[in-house]
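Student: Please take one part of this model and look at it closely. I would like the sheet, with what packs on it and what sits in it.

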Amino acid sequence: MIIGTLRLEFRLHGVFSLKEKRKSANSLKQKLRNTFNVSVAETEAQDSHQVLVLGVVTVSNDTAHVHSRLSKVLAMVEASTADELVHADMDVFGA
């Protein structure tokens, strides 16, 4: 079993409430779930309306498939969101 994780940290500009942050986060999470069949959760800084940290996880029996899927997730996030992606960190376990 190969487990791949992707940590995405965003700086949110023009967001002044947690309600606005949640709306943006939920939209992105649902888009990733529907498109790539991955698990997505907000993992840190839940009380900050300026920072959004998402964790993305996928499981497969092939390391190349895990890398490919997470790379495609990262590419879509970079292309489709107006929020500033500050940091992205990919790890693969069980390889």
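Tutor: Here is the sheet, followed by its helices, the core and two residues.

This is a predicted model, so local features need pLDDT of at least 70, side-chain atom pairs count only at pLDDT 80 or more, and totals for chains, interfaces and linings use all residues. Residues are numbered from 1 along each chain as its sequence is written, and side-chain values use heavy atoms, with hydrogens and water left out.

Start with the layout. The chain has two helices and four strands. From the N terminus on, the elements run β-α-β-β-α-β. Helices (H or I, at least four residues) and strands (E, at least two) are DSSP runs, numbered from the N terminus.

Now the sheet. It is open, has four strands in the order S2-S3-S1-S4, and its pairing is antiparallel. Two strands count as paired if DSSP finds at least two bridges between them. S2 (39-44) and S4 are the edge strands; each has a single partner strand, so one side of each has no neighbour in the sheet. The twist averages 20° from one strand to the next. Axes here are lines fitted to C-alpha atoms, for helices over the stretch in contact, and angles run from 0 to 180 degrees between N-to-C directions.

Take the S2 edge. Five bridges join S2 to S3, and the two run antiparallel. Glutamate 44 stands opposite valine 53 in S3. Both helices pack on the sheet. H1 touches S1, S2 and S3, and its direction makes about 150° with that of S2. H2 touches S1, S3 and S4, and its direction makes about 15° with that of S1. Contact means heavy atoms within 4.5 Å.

Next, the core. The largest nonpolar core has 21 residues, and Phe10, Leu32, Val56 and Val73 touch the most other members. S1 (2-11), H1 (18-36), S3 (51-60) and H2 (63-80) each supply at least two of its residues. H2 gives the largest share, six residues. A nonpolar core is a set of buried Ala, Val, Leu, Ile, Met, Phe, Trp, Tyr and Cys residues joined through side-chain atoms within 4.5 Å. Buried means under 20% relative accessible area, exposed over 50%, and partly exposed in between (1.4 Å probe, protein chains only). Phenylalanine 10 has a long contact list, not counting residues up to four places away in sequence; among its partners are Leu28, Val51, Leu54, Val77 and Val86.

Glutamate 9 is also in S1. Glutamate 9 counts as buried because its relative accessibility is 18%. A polar contact of 3.4 Å joins its side chain to that of arginine 7. Such a contact is a pair of N or O atoms within 3.5 Å; within protein, one must be able to donate a hydrogen and the other to accept it, and residues adjacent in sequence count only if both atoms are side-chain atoms. Beyond its neighbours within four places in sequence, glutamate 9 is in contact with Val51, Leu52, Val53, Glu84, Leu85, Val86 and His87.

Last, the S4 edge. Aspartate 91 lies in S4 (residues 84-93). Its relative accessible area is 33%, so aspartate 91 is partly exposed. Leaving out residues up to four places away in sequence, aspartate 91 touches Ile3, Gly4 and Thr5. Aspartate 91 and lysine 19 are 72 residues apart in sequence and 30 Å apart in space, C-alpha to C-alpha.
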